[in-house]
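Please open the structure in a viewer and keep the selection tool at hand. The tour below proceeds by selections.

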Amino acid sequence: MKKILVLTDYTYNANHAAAAAIPLGAKLHANILLFNTFLSHPVLSELGGTPYDAEQVIWVDESKGKITDLKKHLEKLVAKVPHREHRPSVDCLREEGSLQYQLKFLLERKDIELIIMGARSGTTIEHLLIGSDTSTVINQTNRPVLIIPESADLKKIKKVTVACDFDEGDLNAVHYLTKLGRLFDFQLEILHVSLWGDSDSREIEMKTKFSNRVKRYRYPKISYHNISGKELPARLNRYCEENQSDLLVLVHDHHSFLSRIFKGSNANAQLTNQQIPVMVIPSGM
């Protein structure tokens, strides 16, 4: 059975993201795996005012028990899923060590369909750009990563916007999204993001080749749109708001299309109101 890997640090945003995994698991016929990494710290016990020797240090894990409480909370939500739908099981796993190491090891052992995490603070794209945990996750995995802000509700996904520049990695992402679209029945908008100075004739040629290949997927609810110019983060933000997109999808590779979009822009200032969930799909998935 496929699994949705939910990364949690027990904050409010992380718990909200974990709850959002339940309806997704029901649609994807996937179970939930809660995962937390922790670093314990040493505390010297005292007896009669005198510390014990160093070898009698107690290692304290302050988060112990929290993942069990979260599991019980999610199981209550699973019980509300209609009987005709898949009711995800909820398992939990805690490992000591860095997220980078443990995630790489975990992905080798588990059949992970999707990774979900909450945005700690600020906007989802701001978190994507500057969050160290998020950077670690998207650079370590070959699975889609879904970043959910605290205000988002993914019970119904009617419109998905994927920002791309018509390369091979974008084609793989669109193929994956058409598979999801058959489960969720959403409108898929392919948004070509043009950088300042790009050739119009070359873009037309790329779009024609790209759309012809996308037709092979036989997904009926696809439309094409374009944004270009300067201050692309702000324009992308406004586009999603005006079109009422439920999910923004970005394709990530080591050539960093994301970096090219945000290069030279004051992203933190421009994305102040960005609260749409963001899915990052690795180009080589």
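The stops run from the whole chain to the sheet, the helices, a cavity and a pocket.

This is a predicted model, in which local features need pLDDT of at least 70, side-chain atom pairs count only at pLDDT 80 or more, and totals for chains, interfaces and linings use all residues. Residues are numbered from 1 along each chain as its sequence is written, and side-chain values use heavy atoms, with hydrogens and water left out.

**The whole chain**

Begin with the entire protein chain, which has ten helices and 14 strands. Helices (H or I, at least four residues) and strands (E, at least two) are DSSP runs, numbered from the N terminus. Of its 285 residues, 49% count as buried, where buried means under 20% relative accessible area, with a 1.4 Å probe and protein chains only. Among contacts between residues at least 6 apart in sequence, 80% join residues at least 24 apart; contact means heavy atoms within 4.5 Å.

**The sheet**

Next, select the strands of the open sheet: ten of them, in the order 7-2-1-8-9-14-13-10-11-12, with mixed pairing. Two strands pair if DSSP finds at least two bridges between them. Strand 7 (90–96) and strand 12 (222–228) form the edges, each pairing on one side only. From one strand to the next, the twist averages 25 degrees.

Now select strand 8, residues 112–118. Is this strand buried or exposed? Seven of its seven residues are buried, so strand 8 is largely enclosed by the rest of the structure. Strand 1 runs parallel to strand 8 and is joined to it by four bridges; to see one partnership, display Val 6 with Ile 116. Strand 9 (residues 145–148) also pairs with strand 8 in the parallel sense, over four bridges. Here Ile 115 has Val 145 as its bridge partner, while Gly 118 stands opposite Ile 148.

**Helices on the sheet**

Add helix 1 (residues 12–28), which lies across strand 1 (3–7), strand 2 (31–38), strand 8 and strand 9 and runs at about 150 degrees to strand 8. Helix 2 (residues 66–78) packs on the sheet as well, touching strand 2 and strand 7, and its direction makes about 160 degrees with that of strand 7. Axes are lines fitted to C-alpha atoms, for helices over the stretch in contact, and angles run from 0 to 180 degrees between N-to-C directions.

**The largest cavity**

Select Leu 24, Leu 28, Leu 114, Leu 146, Leu 154, Ile 157, Leu 180, Phe 184, Phe 186, Leu 247 and Met 279, which line the largest cavity. Its volume is about 100 Å³. Helix 1 and helix 6 (168–184) are the elements that give two or more residues to this lining. On a 1 Å grid over the protein atoms alone, a cavity is a set of points where a 1.4 Å probe fits but cannot get out, and a pocket is an open set with protein on both sides within 12 Å along at least five of seven lines; lining residues have an atom within 4 Å of a point. Grid points are joined across faces, edges and corners, and a volume is the space filled by probe spheres set on the points.

**The largest pocket**

Finally, select Ala 19, Ile 22, Pro 23, Val 81 and Lys 155, the closest to the centre of the largest pocket among its 16 lining residues. The pocket holds about 420 Å³ of space. Which element gives the largest share of its lining? Helix 1 does, with seven residues.

Conventions: Buried < 20%, exposed > 50% of the residue type's maximum accessible area, 1.4 Å probe, protein only.
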